Amino acid sequence: MSVKIRLSRGGSKKRPFYSIVAANSRDPRDGRFLEKIGTYNPMLPKEHAERLVVKQERAKYWLSVGAQPTDRVARMFGDLGLVEKPAVPNNPHKAAPGKKAQDRLEARQKKAAEAAEAAAAPAPQPEPVAEVVETPAEAEAAPEAAAE
């Protein structure tokens, strides 16, 4: 017989309350169990003492005889130090943005880099223009020279 340490749901609709039980793995979730070893009330704040109550001696016993905790119970037991805390699986490839979003991000970064370069470069100074003072005789000759 394969024994699991798992959560058995109780409580009313939208007000969950769980019992932590050692049960045959083939029995239904809320069905028959071998022993109740604790409770979990997710409605209470995380720092509340009665949110998670476990009979640690009985939990250690069931673990020693080969009972396997479910993922959620293993995380709870890991916080209590009864078992090694399991690693939370992470898939960074699924969290990455799509191809179009990556292209837009690269274009935005390139544009920002060019703007930063332009701001960092010194502004070109206008060349001093020598003032040419024309005498009235030269001013009259200029239109005639342009007409020729």
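A residue counts as buried here when its relative accessible area is under 20%, and as exposed when that figure is over 50%, with partly exposed in between. Keep those cut-offs in mind, because Asp27, with a relative accessible area of 16%, falls on the buried side. You are looking at a predicted model, so let's walk through it one selection at a time.

**Start with the whole chain**

Show the protein chain as a cartoon and you will find 5 helices and 5 strands. Travelling from the N terminus, the order is β-β-β-β-α-β-α-α-α-α. Of the chain's 148 residues, 21% are buried. If you switch on a surface, its accessible area is about 11900 Å², with 53% of that belonging to carbon and sulfur atoms. Among contacts with a separation of 6 or more, 32% link residues that are 24 or more positions apart.

**Select residues 3-12 and 15-24**

These are strands β1 and β2. The two run antiparallel and are paired over 10 bridges. For one rung of this ladder, pick Arg9: its bridge partner in β2 is Tyr18. Now look at the turn of the hairpin, where 2 residues sit between the strands and Lys14 has a positive phi near 65°.

Is β2 mostly enclosed or mostly open? Colour the strand by burial. Because 8 of its 10 residues are buried, β2 is largely enclosed by the rest of the structure.

**Add residues 35-40**

This is β3, which runs antiparallel to β2 and is joined to it by 5 bridges. Ser19 is a good place to see the link, since its bridge partner in β3 is Thr39.

Next, show the side chains of Tyr18 and Tyr40. The structure holds 2 aromatic pairs, and these two tyrosines form a stacked one, with 6.1 Å centre to centre and 25° between the planes. Tyr18 belongs to β2 and Tyr40 to β3, so the pair ties together parts that are 22 residues apart in sequence. Both rings belong to buried residues: Tyr18 has a relative accessible area of 19%, and Tyr40 has 15%.

For the other pair, move to Tyr61 and Trp62. Their ring centres are 5.3 Å apart and their planes meet at 70°, so this pair is edge-to-face. Tyr61 is partly exposed at 38%, whereas Trp62 is buried at 12%.

**Step one residue on, to Asn41**

Asn41 lies in the loop that connects β3 to β4 (52-54). With a relative accessibility of 16%, Asn41 is buried. Which residues does Asn41 contact, leaving aside neighbours within four places in sequence? Select Pro16, Phe17, Glu50 and Arg51 to see them.

**Light up the core**

Select Ile5, Ile20, Ile37, Trp62 and Phe77. In the largest nonpolar core, which has 16 residues, these five touch the most other members. At least two residues of this core come from each of β1, β2, β3, α1 (56-64) and α2 (71-80). As background, nonpolar side chains in soluble globular proteins tend to be buried together.

Stay with α2 for a moment. Its buried residues are Val73, Ala74, Met76, Phe77 and Gly78. Their cover includes β1, β2, β3, β4, α1 and β5 (68-69). After α2 comes Gly81, which has a positive phi near 85°.

**Finish with the charged pairs**

Side chains of opposite charge can pair when their charged atoms come close. How many salt bridges does a search of the whole structure find? There are 5 salt bridges, including these stops:

- **Asp27 and Arg32:** the side chains meet with N to O at 3.6 Å. Asp27 is the buried residue from the opening, at 16%, while Arg32 is exposed at 62%.
- **Arg29 and Asp30:** the closest N and O atoms are 2.9 Å apart. Arg29 is partly exposed at 49%, and Asp30 is partly exposed at 40%.
- **Asp79 and Lys85:** this bridge has N to O at 2.6 Å. Asp79 is exposed at 56%, and Lys85 is partly exposed at 48%.

Definitions and conventions. Residues are numbered from 1 along each chain as its sequence is written. This is a predicted model: local features need pLDDT of at least 70, side-chain atom pairs count only at pLDDT 80 or more; totals for chains, interfaces and linings use all residues. Side-chain values use heavy atoms; hydrogens and water are left out. Helices (H or I, at least four residues) and strands (E, at least two) are DSSP runs, numbered from the N terminus. Buried means under 20% relative accessible area, exposed over 50%, partly exposed in between (1.4 Å probe, protein chains only). Contact means heavy atoms within 4.5 Å. Two strands pair if DSSP finds at least two bridges between them. A nonpolar core is a set of buried Ala, Val, Leu, Ile, Met, Phe, Trp, Tyr and Cys residues joined through side-chain atoms within 4.5 Å. A salt bridge is a side-chain nitrogen of Lys or Arg within 4 Å of a carboxyl oxygen of Asp or Glu. Accessible areas come from the Shrake-Rupley method with a 1.4 Å probe; for residues, only the protein chains shown count as cover. Rings of Phe, Tyr and Trp (its six-membered ring) pair if their centres lie within 6.5 Å; planes under 30 degrees apart count as stacked, over 60 as edge-to-face and the rest as tilted.
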